[in-house]
Amino acid sequence: QAREIRFSERSANTEKDSNQALYAHSKSKNGKKQWGKNKKDSQVAGSNGNDKAESSNKGGGGNVNPNKFKKNLKCYCCGKKGHFAEECWFNKENKGKGKKKYKEEANVVQEEDSSDDDDESEVKVMMATLSEDSHQGNHWFLDTGCSNHMTSHKEWLIEIDATRKSKVRFADDRTIQAEGIGKLVIDKDDGNNVIMEDVLYVPGMKSNLLSLGQLIQKGFEVEMKNKVLALYDAEQNLILKTPLSKNRTFQINLTTAKVMCLSATETLDENWIWHARYGHLNFKSLKDLGTNKMVNGLPIIKIPEKVCQVCMIGKQSRKSFKSELPSRASNLLEVIHSDVCGPFEVPSLGGNKYFISFVDEFSRMMWIYLIKVKSESFDVFRKFKKKVEKYSEKSIKILRTDGGGEYTSNEFKQFLVEQGIEHEITAPYTPQHNGLAERRNRTVLNMVRSMIREKSLPSYLWGEAASTAVYILNKCPTKRLTKSVPEEIWSGRKPTVKHLRVFGALCYSHIPDQRRTKLQDKSKQVILVGYHPTGAYRLYDPVKEKIEIGRDVVVCESENWDWKGKSTTVINPLLSDIDDDAEITTANNGASTSSHGNAENGNVVSTIPAGSKRTRIPSTRLLDCEVYADDAIDAEGDLVHFALFVDTEPVNIEDAIASKVWKQAMTEEIEAIERNNTWYLTDLPSNKHQIAVKWVFKVKLNSDGSVAKHKARLVAKGFLQKAGLDYDEVYALVARIETIRLVIAIASAKKWSLSQMDVKSAFLNGSLDEEVYVSQPPGF
């Protein structure tokens with residue numbers, strides 16, 4: 001009775017503040033040793049606190065030592081001696097009153113005062129820290145005091161947004177930094193995957209936390225009953241169920257899908273992967289492709305319930321209001337529909353602003369050509385006609401187009417009459433009459449927008465995207481064809497799509513041994529922009545800004561090129577400050593392109609003001625030259641003086657005379673000629689003609705590339721001489737290469753030393769039989 005009164009008063013006096021929460025403890029392995037330590041602490045606290053022994057009602061007022069009283073007392077809860085059941089840390093109804101065990105610390109769960117901290121970026125975590133042996137990799141703790149899911153394993157997360165940084169605050173006011181937020185891919189027992197969104201990446205966390213509050217906010221329901229926590233979705237389906245552990249926490253073991261290098265991991269759903277690989281083709285067509293086995297290598301696609309956001313942004317259109325007309329073609333090339341699309345605001349890589357498409361009405365096969373101006377349509381049609389007629393061994397009978405000037409020119413009409421092709425021109429302002437070509441062009445543009453947005457590609461890659469879209473559409477089903485695709489109808493062979501990859505994906509292209517040294521990298525990063533007929537890939541090098549063809553390629557479909565980290569407007573390092581609005585022309589077939597898009601194989605030759613809309617054709621004599629603007633300004637605001645032609649030979653006598661070193665070289669050549677009595681000054685006879693001479697300049701270099709000397713030679717223009725009049729025979733006094741080899745071989749066998757010399761001015765040791773008149777040297 002005295003014991004019960006004593007502990008009831010003690011609990012009343014030592015009642016904690018209402019804001020303080022319960023402590024969570026875990027059982028340690030060396031509990032006996034720790035109990036001895038806590039026992040001493042308890043004795044000291046008892047002598048200074050409210051643990052004074054009470055007077056027994058039957059003992060007559062004497063003080064009773066509580067430690068001596070409990071020495072041989074056995075606990076009814078754990079069976080150990082030295083404490084009461086109320087003091088036992090295993091007592092479920094006495095949480096927080098038991099003694100702390102070593103290697104443990106508990107964070108107090110308390111409500112944060114909004115007046116103390118108004119930073120919304122701080123995330124509160126109220127999870128008790130457990131002993132070291134309880135921290136396992138795949139264990140997650142379900143916590144009601146944690147406001148967000150958290151983990152320190154970055155390799156588990158995908159689509160990490162590193163810009164969304166925040167702070168995690170513990171109950172003792174300690175804070176650690178959260179370095180981003182991402183998604184967690186969890187493997188289910190049935191082989192499927194579940195994506196958990198809004199998971200904080202906290203490098204300093206030692207445990208993985210699942211926020212019950214965040215799950216409840218997402219629509220889940222939590223039930224804690226009979227020492228078991230159960231999680232249900234909105235339809236009352238059981239998601240997970242976990243029992244209460246020994247340390248009074250709820251734990252669950254989740255198997256996460258690790259992100260592997262050089263593989264597609266943005267989404268593990270095969271349906272969405274093929275949706276992206278097929279240029280965001282609708283799922284119904286994808287399902288038909290796999291179900292009817294129209295192509296090889298495509299699995300059976302299931303139509304998901306979720307709507308593709310990229311497709312909605314890039315493809316959404318008005319509802320159709322007119323049914324299709326019946327098909328007239330009964331064989332290949334009987335009816336060809338054509339249309340020109342453009343102009344595009346940004347030129348393509350080759351400087352093109354339009355594309356022209358041709359669609360066969362019978363097979364629905366489509367061809368596309370990129371053009372710079374509409375006037376190129378006639379030349380493109382002639383190439384197209386020759387190509388398809390030779391392949392199919394059939395001829396075009398009807399060409400259906402709109403009334404654009406590119407189709408109604410005199411030369412176009414005359415060519416169609418000569419070839420016996422009927423030209424059907426639709427009525428003005430009625431594109432519905434040419435609906436097949438118009439609708440196919442619209443489909444191409446929808447796919448182009450979706451593919452460019454998917455990988456955040458620059459707009460000047462629209463040409464490559466359009467060609468890729470047509471390549472894919474020829475392998476897609478249409479309403480007119482039954483269980484077939486256009487390419488199969490056209491070629492008679494079922495196409496395969498095993499090689500298809502996501503457009504714009506980051507690739508690692510192998511560098512051949514012939515193009516690198518032993519210590520250079522064996523691959524480089526490029527971007528997938530198309531497919532080659534040989535089975536290789538078309539790759540865009542964003543550093544060199546040109547298209548390459550590669551077969552040894554590893555495609556990372558989930559990775560993107562960092563366009564912000566590398567400025568695509570830089571053409572030359574010294575011209576990095578050219579205005580973004582300026583346009584440049586390239587030497588590649590006279591193609592014009594903006595400063596942020598370079599032609600595939602062209603060099604920059606001239607600049608066009610930003611306000612000019614006229615296409616500039618570069619001079620043909622500058623095709624092999626690199627010409628830069630004279631007023632290029634660097635980052636410091638100074639004019640850039642190019643040192644590209646330092647120590648190069650002058651091209652005319654005026655430049656040579658203006659240079660001190662070349663003038664000195666010419667003077668030395670004249671003095672050497674005069675010392676050998678090569679000529680004398682005289683008047684030209686009336687019956688003779690003179691031979692013109694010219695200066696030839698050459699920079700002699702050392703083995704290390706430094707300038708050895710500047711050499712100027714005065715040579716005669718021998719092509720002005722006539723055989724029999726100015727000379728009778730031609731003979732060059734040079735040593736045969738066999739003689740030189742023989743001398744070197746003898747010297748090597750006899751172990752003689754060889755010396756090499758250079759004669760500054762060599763002259764023929766002979767006399768002329770004819771009279772030869774030459775003009776005076778230019779500049780002298």
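**View 1. A low-confidence stretch at residues 642-646.** In this predicted model, pLDDT (the predictor's confidence in each residue, from 0 to 100) stays under 50 over residues 642-646. The model gives this stretch 5 contacts (heavy atoms within 4.5 Å) beyond four places in sequence. Residues 12-62 also have pLDDT below 50, with 60 contacts beyond near neighbours in sequence. For the protein, the mean pLDDT is 74, and 69% of residues reach 70 or more. Where pLDDT is low, the predicted coordinates should not be read in detail. Local features here need pLDDT of at least 70 and side-chain atom pairs count only at 80 or more, while totals for chains, interfaces and linings use all residues. Numbering runs from 1 along each chain as its sequence is written, and side-chain values use heavy atoms, with hydrogens and water left out.

**View 2. The open antiparallel sheet around β20.** Five strands line up here as β23-β22-β21-β20-β24, with antiparallel pairing. Helices (H or I, at least four residues) and strands (E, at least two) are DSSP runs, numbered from the N terminus, and two strands pair if DSSP finds at least two bridges between them. At the edges sit β23 (546-550) and β24 (553-556), each pairing on one side only. From one strand to the next, the twist averages 40°; angles run from 0 to 180 degrees between N-to-C directions, and axes are lines fitted to C-alpha atoms, for helices over the stretch in contact.

**View 3. β20 and its two partners.** Strand β20 (residues 506-510) pairs with β24 in the antiparallel sense over 4 bridges, and 5 bridges join β20 to β21, again antiparallel. Look for L506: opposite L506 in β24 is C556, while in β21 its bridge partner is I527. Y508, for its part, stands opposite V554 in β24.

**View 4. Helix α11 over the sheet and against α10.** Helix α11 (residues 462-473) lies across β21 (523-531), β22 (537-541) and β23, at about 55° to β21. Helix α10 (residues 435-454) packs with α11 at an angle of about 120°, the axes being 9 Å apart. That makes α10 oblique to α11 (under 35 degrees is roughly parallel, over 145 roughly antiparallel, 65 to 115 roughly perpendicular, and the rest oblique). The crossing is right-handed, meaning that the near helix is turned clockwise from the far one by less than a right angle (anticlockwise would be left-handed). From α10, residues including V444, M447 and M451 meet a set in α11 that includes W462, A466 and V470. The contact divides into 12 nonpolar residues, 1 polar and 1 charged. Here Ala, Val, Leu, Ile, Met, Phe, Trp, Tyr, Cys and Pro count as nonpolar, Asp, Glu, Lys and Arg as charged, and the others, Gly among them, as polar.

**View 5. A mixed sheet with α8 across it.** This open sheet has 5 strands in the order β17-β16-β15-β18-β19, and the pairing is mixed. β17 (366-371) and β19 (422-425) each have a single partner strand, so one side of each is left without a neighbour in the sheet. Neighbouring strands are turned by 20° against each other on average, direction ignored. Strand β18 (residues 398-401) runs parallel to β19 over 4 bridges, and R400 stands opposite E424 in β19. Helix α8 (residues 377-392) lies across β15 (335-341), β16 (354-360), β17 and β18, at about 145° to β17.
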